[in-house]
Structures are given as structure tokens and as C-alpha cells.
Amino acid sequence: MRHLSLAVVLSALMSTSALASGAAALQAAQAPATNPLLSPWTGPYGGVTPWDKVKPELFPAAFEAALAERRADYDRIANDPAKPTFANTFVPMQNAGQTLNRVMTLFGVMTGNMNTPAYQALDREWSPRLAKASDEITFNPKLFARIEAIYKARDTSGLDAQQKRLVTRTYDSFVRQGAKLTPAQKAELSAFNQNLAINFSEFSQRLLADEGTAIIVTDEARLAGLPDSVKAVAKAAAAERGQQGWAIVNTRSAVDPVLTFGTDRALREQVWRAFTKRGDNGDVNDTKATIARIVKLRANRAHLLGFKTHADWRMQDTMAKTPAAAMDLMMRVWPAAKARVAEEVRDMQAIANKEGAKITIEPWDYRFYQEKVRKSRYDLDQAELKPYFELNNIIQGSLYAANRLYGLEFKEITGTVPVFEPNMRVWHVTRNGKEVGLFYRDDFARTGKRSGAWANTYRGQRNLPPVQNVLSSNNNNFAKGAPGEPVLISLDDAETLFHEFGHAIHAMLQNVTYPGLAGTPRDFVEYPSQVNEHWLLTRDVLDKYARHYKTGQPMPQALLDKIKASETFNQGFATTEYLSSAIVDMKLHTIPDGVVDPAAFEATTLREIGMPKELVMRHRLPQFNHLFSSDSYSAGYYSYLWSETMDADTFAAFEEAGSPWDKATADRFAKILLSTGNETDRAEAYRAFRGRDPDVNALLKQRGFPTK
């Protein structure tokens with residue numbers, strides 16, 4: 001989930017530093033000869049990431065040198081005595097700071113995937129310094145004067161459509177980031193941004209510490225009901241920690257199987273409480289005070305920039321445009337989701353009563369009893385599915401679908417280019433005989449890797465010289481079993497794999513000239529990935545790749561029929577746990593003064609919207625990494641639902657054409673929406689593809705909710 005918004009892209013491209021003194025700048029300028037992080041990426045495939053040379057101790061000098069280089073790049077642009085033109089201002093801006101871009105890519109990937117204490121210390125030190133450097137670009141009056149002059153002449157200076165859009169979006173972004181403020185206001189804004197960077201780093205490190213904890217089980221009887229593959233993973237996790245028995249690590253990939261299959265209710269409750277209390281234990285890793293500071297700083301920044309709330313500021317460059325539009329979509333879906341939860345709880349309680357459990361359904365019972373309902377209603381057991389979802393096979397299925405739909409061809413080259421973790425795999429990608437780039441996979445959970453699943457683009461495509469191909473990656477947290485044992489993943493994990501691969505497809509199909517028109521709005525970012533999930537359960541992919549890991553037989557049609565029949569099953573739970581998080585996010589960031597007690601606010605908001613007591617938010621505020629590790633998804637978690645509205649309507653276009661493999665529809669989808677970055681307004685592009693705006697009824701139908 002890691003395509004960058006335009007604001008982030010511009011921040012990466014257009015920031016500088018006054019950190020280095022003359023002596024430091026001279027030292028920095030000499031650093032490339034000895035610091036491999038500063039060298040252009042070399043080797044085959046247009047140059048590859050030098051993961052074999054990345055060490056934390058190399059980053060301070062690399063940051064200093066790269067910042068000095070970028071500052072010089074922008075000084076040349078800002079101080080050019082020639083009249084401002086697109087060619088002498090915007091083209092060099094697109095090329096400025098390329099060394100820093102590479103260094104930041106390496107650093108960002110390492111802090112997300114290999115987050116050792118050394119990287120944490122670097123993040124704490126450098127996050128505010130990098131934020132300050134970014135502001136100094138935005139606040140450069142000579143640079144902005146050139147941008148503004150070109151912007152004012154955009155309709156009379158002979159610019160083509162893409163150039164005009166780049167000029168307009170860059171000008172708007174600079175204004176949103178404070179370019180028109182007074183010097184005193186700019187200093188105040190930069191202080192806000194630096195303090196936010198410090199708090200983002202603090203939040204991430206506290207949450208990572210809690211996710212590194214584990215519940216140790218020494219009595220195997222307590223693991224009754226868990227599949228052998230899950231127990232093997234827990235055994236390996238305990239051994240990694242030097243413990244006897246089994247370790248239930250405090251991450252979603254380890255916790256969910258226990259909540260789904262474990263018959264020991266006390267263990268389920270213990271695991272659930274530990275997981276939902278991450279960042280909320282009143283100890284050194286508690287995040288609530290950090291969150292309060294972040295929310296207040298965001299509100300202060302929004303006011304300084306002329307906006308009522310942080311959400312109003314953040315949503316200027318989105319498809320939804322306003323908090324009200326996002327809330328309107330969410331509240332159209334919320335009542336149906338909440339009503340479905342009540343139905344699901346009644347069904348689960350009936351089974352518990354029939355079995356004589358003498359319990360009332362609690363949040364730690366939901367997944368366990370929903371599986372009993374699924375088994376009872378559809379004769380479908382999630383454990384019955386896992387043997388058909390062997391990780392290597394599902395990866396091959398995702399590549400097959402991308403080839404058939406879009407002509408992308410993949411040749412595995414693992415072992416021939418550097419990686420940062422031995423289990424990573426790499427493919428060379430071509431299309432129509434032309435090079436696209438490389439695709440990397442980092443699939444397994446480990447200590448120091450943040451939880452969840454995401455996509456990174458190490459290097460984005462561009463046609464503006466120097467032309468670049470793509471280096472794209474997917475990152476998951478699947479549980480790695482014992483050596484030599486197959487890795488069996490759940491249906492949900494397989495959908496996640498296809499989802500993240502959708503981001504990679506988006507990056508690999510991109511065909512833009514200017515990198516400043518590559519990043520899409522936050523509420524478009526998840527759209528290509530969510531669409532791609534649909535091809536997992538097509539009969540063609542299943543027949544070829546969802547084969548039983550022991551017998552080699554494809555998934556029987558009867559089993560697929562059960563999956564299809566149950567597709568809208570448990571959508572109350574899935575929608576409500578997600579949507580409650582999105583609603584709380586938006587309400588939190590529409591508090592005008594930003595003064596908040598996170599615990600009280602969360603409880604009050606959930607009470608006001610009628611959150612069912614049998615489940616919790618997918619991400620409670622104390623562990624809401626999307627919101628508080630950066631600005632990226634703040635006032636933007638709604639975007640998954642916004643994107644899903646387009647996603648459901650898009651797959652309906654394939655169905656209307658008669659096949660999920662309809663080539664004409666796939667070609668139009670790739671040409672109009674996937675390859676164009678942000679070269680045109682995304683709402684207009686969607687209308688060009690579909691002939692109209694997305695129909696929310698497609699989303700409601702997909703989730704099995706009433707469409708009226």
C-alpha cells in the first residue's frame with residue numbers, strides 16, 4: 001500500500017538543507033568516493049539496489065552529502081538569472097536531488113523491514129532534520145517566485161497538457177505546504193513539521209516494541225484446535241526467543257489463527273487482550289501521549305495554513321475533496337454493516353448455546369464462532385482451504401494472471417542481484433519484448449519487520465531523461481514454517497498477496513514522462529490493488545495454481561462453490577471493524593483545536609456511532625500505524641472504501657463484457673487508468689474508462705448489503 005501521494009513525492013523531490021556548514025559540505029562532497037550509498041545504482045537491469053552494501057553507519061555521511069547536493073541543485077534553479085520557463089525550472093526540478101532519492105529509498109526500506117536499534121536511532125535523529133530540509137525547499141522565495149511566474153503564464157506559454165498539469169499541481173502543492181506564508185509563519189510551520197517527524201518516529205518505535213512481545217505457552221493442550229502448521233510457526237518463534245514451548249507473537253499474522261481455531265477460550269482472550277492493547281498499557285511503550293501531541297500539532301499546522309482542520313487540509317488533493325464527502329460514503333455503508341453484525345452475532349450465539357458453552361459472545365469469540373457458523377451453513381472449513389494455497393503456487397498464479405491480462409512476463413532471477421534478506425525472491429519483468437524492470441518479494445515475518453503487508457517502489461518509471469525502469473517490491477508477514485515444509489497460507493492471506501501485487505502491477509504498467517505526475521491521490525492508491533484481488537478465485541487461476549500441496553489435485557468445484565456461496569459471509573464483521581477505524585480517523589482529524597484524550601475520544605466516538613460490543617476497531621488508536629507513523633493515511637483511511645467503490649464497479653465491467661479475462665476491457669483499464677499515473681484527473685480518467693462515475697451499489701452488492 002505504498003505508492004506515494006503527490007505531496008510525498010514532491011517532498012522527496014523538492015527538499016534541501018542548510019544543515020551543512022562549508023566544511024561539512026566539502027567533506028560531504030568527498031564522501032561519494034568512499035560511501036557506496038551515494039553511488040548511482042549499477043549493474044544489469046538499469047542498475048539495481050545495492051542491498052549488499054547497506055549498513056546503518058553509512059547513512060549519516062550519505063544524508064549530509066546528498067542533502068548538500070540537492071541544496072546545490074535547487075540553488076542553481078532558484079538563482080538562474082534567465083527568465084523562468086518550464087525548461088529551465090520544472091525540468092531541472094524533476095531531476096534535482098536524485099542521490100537523496102536513492103538514499104531515502106534505501107533508508108525507508110530498511111527502517112520498515114530490518115528495524116534494528118541502530119536504524120531506530122538514525123530515524124530519531126534524522127527525521128526532523130529531513131523534515132526541515134524539505135521545508136527549506138518549499139519556503140525558498142526565489143524558487144517559488146519562478147514557479148508562480150510559470151503558473152501565471154501557463155495558458156499562454158505553449159505548454160502541453162502534461163506540462164500544464166505538472167505546473168498547476170506543483171504550484172498548488174507549494175501553496176498548500178506554506179510557500180506563501182510570512183517568514184515568521186514559515187519558521188513556525190517548520191517547527192511543527194519537525195516536531196511531527198519526531199513524534200512519528202517515537203510512535204513507530206513504541207508500537208514495534210509491543211509487536212515484538214509474545215505470549216509463551218508451555219502446555220501444548222492449550223493449543224488444541226490449532227492447525228499443525230500454526231503450531232510449528234509458534235514453536236519456531238519460541239526457539240528464536242530462546243524459550244521452551246510455543247510463542248504467540250503479538251502480530252496479526254500470529255494472533256488471528258489462534259482467535260480463529262483455538263478451542264482454549266482463556267488463551268483466546270489472553271491473546272486478544274494483548275493484541276488489542278498494543279500501545280495502550282501505560283508503560284514505556286504507551287503511545288497515547290504521542291498521539292495527543294500529533295493530533296494537536298496537525299491542527300495547529302492546518303490553522304497556520306488557513307484550514308479549519310487537518311482533514312480539510314489533507315483532503316485538498318484527493319478524489320473525495322472534502323471530509324463531508326468521505327463521511328457521506330462511510331455513513332451510507334455503516335448502518336448496513338452494523339445491522340449485519342447483529343445477525344452474525346445471533347447466529348454465533350445460537351451455536352454456542354446449542355453446544356452448551358454457557359457463554360455470551362465476546363470479541364475473542366467472534367472469529368472462532370464465525371468459523372463454526374461457516375462450517376454449519378456452507379460446510380466450509382477455513383482449515384480445509386489451506387492445503388490448496390501453497391505460497392509458491394499462489395505467487396505463480398498472481399504472475400500468470402498479470403501476464404494474461406496485461407502481457408507482463410516474469411523470469412525469476414533470484415540469487416543474481418543483491419537482496420537485504422536471504423529469503424527474498426526476484427523476477428525480471430518484460431512486456432512486449434521490452435524491459436519493464438525487476439520485481440522483488442519479501443514474504444516472511446521476522447523480528448524488526450513492521451507488521452502488515454505493503455508494496456514499495458524502489459525506483460519508479462519515467463520517460464524524462466534520464467529514463468528509468470521500475471524496481472518494485474511486495475512485503476508480507478506470512479509465517480515461515482519449519483525448514484523443508486511447505487508454506488500454507490489462508491484464503492485471506494492469498495487475497496492479500498494478490499492485493500499487494502496489484503500495487504506492483506500499477507507500478508510496472510506506469511508510462512509517464514514526468515515523475516511529478518506519477519503519484520496518485522490517496523483515495524485512488526488502493527484501487528488497482530483491490531481490483532486485482534478478484535482474479536484469485538477465477539477458475540483458471542485455481543485450476544492451474546490452487547492445487548493441493550500433497551495430491552497435486554486442483555481445488556474441487558464443489559469447494560469453490562462453497563467459497564463463492566460464502567463470499568458475503570461475515571461481511572458485517574469485516575466491514576464494521578474496518579469502517580469504525582476509518583470513521584474514528586476522520587472524526588479525530590476534524591476536531592478544530594486538535595485537543596484530544598485519545599482513549600476517551602475513541603470510546604466516545606464508538607459509543608456515538610453504535611459500535612457493536614462484540615468486536616473492536618481493526619486498528620485502535622494506540623496502534624493505528626497508518627495514522628501516526630506519518631501523515632500518509634491521516635484523514636485518509638476512508639480511502640480503502642472509496643477505492644473499493646471503484647474496484648467493485650470495475651470488475652463489474654469485466655463481468656458485463658462476459659469474462660474476467662476480457663482483453664478489450666483489460667487493455668482499456670491498463671491504458672486509461674493503470675499506465676497514466678496522475679497525468680489526468682483520476683475522476684475524469686475513471687469516467688473515460690467506465691462512461692460514468694462509479695456506482696456505489698456495486699460495492700454494496702459485493703458485500704451482500706441492501707442496495708437501496
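Student: Which handedness does the crossing of α19 past α20 have?
Tutor: This is a predicted model: local features need pLDDT of at least 70, side-chain atom pairs count only at pLDDT 80 or more, and totals for chains, interfaces and linings use all residues. Helices are DSSP runs numbered from the N terminus (H or I, at least four residues; strands are E, at least two). A crossing is left-handed if the near helix is turned anticlockwise from the far one by less than a right angle, and right-handed if clockwise. Where α19 passes α20, the crossing is right-handed.

Student: How are α19 and α20 oriented to each other?
Tutor: α19 (residues 491-509) and α20 (residues 522-532) pack at about 120°, axes 7 Å apart. Axes are lines fitted to C-alpha atoms, for helices over the stretch in contact, with angles from 0 to 180 degrees between N-to-C directions. Under 35 degrees is roughly parallel, over 145 roughly antiparallel, 65 to 115 roughly perpendicular, and the rest oblique. α19 and α20 are therefore oblique.

Student: How many charged residues are in the contact of α19 with α20?
Tutor: Contact means heavy atoms within 4.5 Å. Asp, Glu, Lys and Arg count as charged; Ala, Val, Leu, Ile, Met, Phe, Trp, Tyr, Cys and Pro as nonpolar; the others, Gly among them, as polar. Among the contact residues are Phe 498 and His 499 of α19 and Glu 526 of α20. The split is 6 nonpolar, 7 polar and, for charged, 1.

Student: What is the orientation of α4 and α8?
Tutor: α4 (residues 86-95) and α8 (residues 161-176) pack at about 70°, with axes 12 Å apart. The two are therefore roughly perpendicular.

Student: Is Ile 147 buried or exposed?
Tutor: Residues are numbered from 1 along each chain as its sequence is written, and side-chain values use heavy atoms, with hydrogens and water left out. Ile 147 sits in α7 (residues 141-152) and touches Phe 90 and Phe 174, among others. Buried means under 20% relative accessible area, exposed over 50%, partly exposed in between (1.4 Å probe, protein chains only). At 0%, Ile 147 is buried.

Student: How far apart in sequence are Asp 280 and Arg 620?
Tutor: Asp 280 and Arg 620 form a salt bridge, closest N and O atoms 3.0 Å apart. That term means a side-chain nitrogen of Lys or Arg within 4 Å of a carboxyl oxygen of Asp or Glu. Both residues are buried. Asp 280 lies in the loop between α12 and α13, Arg 620 in the loop between α24 and α25, and their separation is 340 residues.

Key: Lists of a residue's contacts leave out its neighbours within four places in sequence.
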